[in-house]
Amino acid sequence: MKYYCPKCKSKEIMEFGNSVYCSECDLEFSKDFIGKIEDSNVLSNQELNGVLDAFEEFKDPDKLNEFLKSVEEDLNSLKNKNKKK
Ligand SMILES: [Zn+2]
């Protein structure tokens with residue numbers, strides 16, 4: 001599998017570990033995405049980190065579990081409400 005930059009399609013990229021770096025775009029991409037999803041949908045690692053930062057608290061597995069539990073409870077209470085109708 002030959003990797004390339006999903007943004008500018010340049011093959012002049014540096015590979016390291018599970019990522020490729022395009023000096024043209026100054027962006028890093030995960031090899032997991034290249035060629036597997038549409039190039040225009042590939043997020044750079046920089047963009048992904050931005051997304052993760054927005055969900056900073058979910059990096060903590062306890063908080064994530066708590067959040068998921070509260071969603072589950074909400075869903076259950078909705079289901080119960082519907083049953084009572
Ligand atoms: Zn590029």
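The paragraphs below lead through the strands of this predicted model and then to its core and domains. Residues are numbered from 1 along each chain as its sequence is written. Because the model is predicted, local features need pLDDT of at least 70 and side-chain atom pairs count only at pLDDT 80 or more, while totals for chains, interfaces and linings use all residues.

A good place to begin is strand β2, residues 19-22, where a strand is a DSSP run (E, at least two residues) numbered from the N terminus. Strand β1, residues 13-16, pairs with β2 in the antiparallel sense over four bridges, pairing being counted if DSSP finds at least two bridges between two strands. Within this pair, glutamate 15 stands opposite valine 20, and the two strands form a hairpin with two residues between them, in whose turn glycine 17 has a positive phi of about 60 degrees.

β2 also pairs with strand β3, residues 27-30, in the antiparallel sense over four bridges, and here serine 19 stands opposite serine 30. The hairpin of β2 and β3 has four residues between the strands, and aspartate 26 takes a positive phi near 55 degrees.

The covered face of β2 holds Val20 and Cys22, whereas Ser19 and Tyr21 lie on the uncovered one. Val20 and Cys22 also belong to the largest nonpolar core, which has seven residues, the others being Cys5, Ile13, Leu27, Phe29 and Val42; such a core is a set of buried Ala, Val, Leu, Ile, Met, Phe, Trp, Tyr and Cys residues joined through C-beta atoms within 7 Å, and buried means that 20 or more other C-beta atoms lie within 10 Å of a residue's own, with C-beta atoms placed from the backbone.

Finally, the domain assignment, which is automatic or from a database, gives domain 1 (1-54) and domain 2 (56-85), and their C-alpha centres lie 34 Å apart.

Technical notes:
A residue is buried if 20 or more other C-beta atoms lie within 10 Å of its own, exposed if 12 or fewer, and partly exposed in between; C-beta atoms are placed from the backbone.
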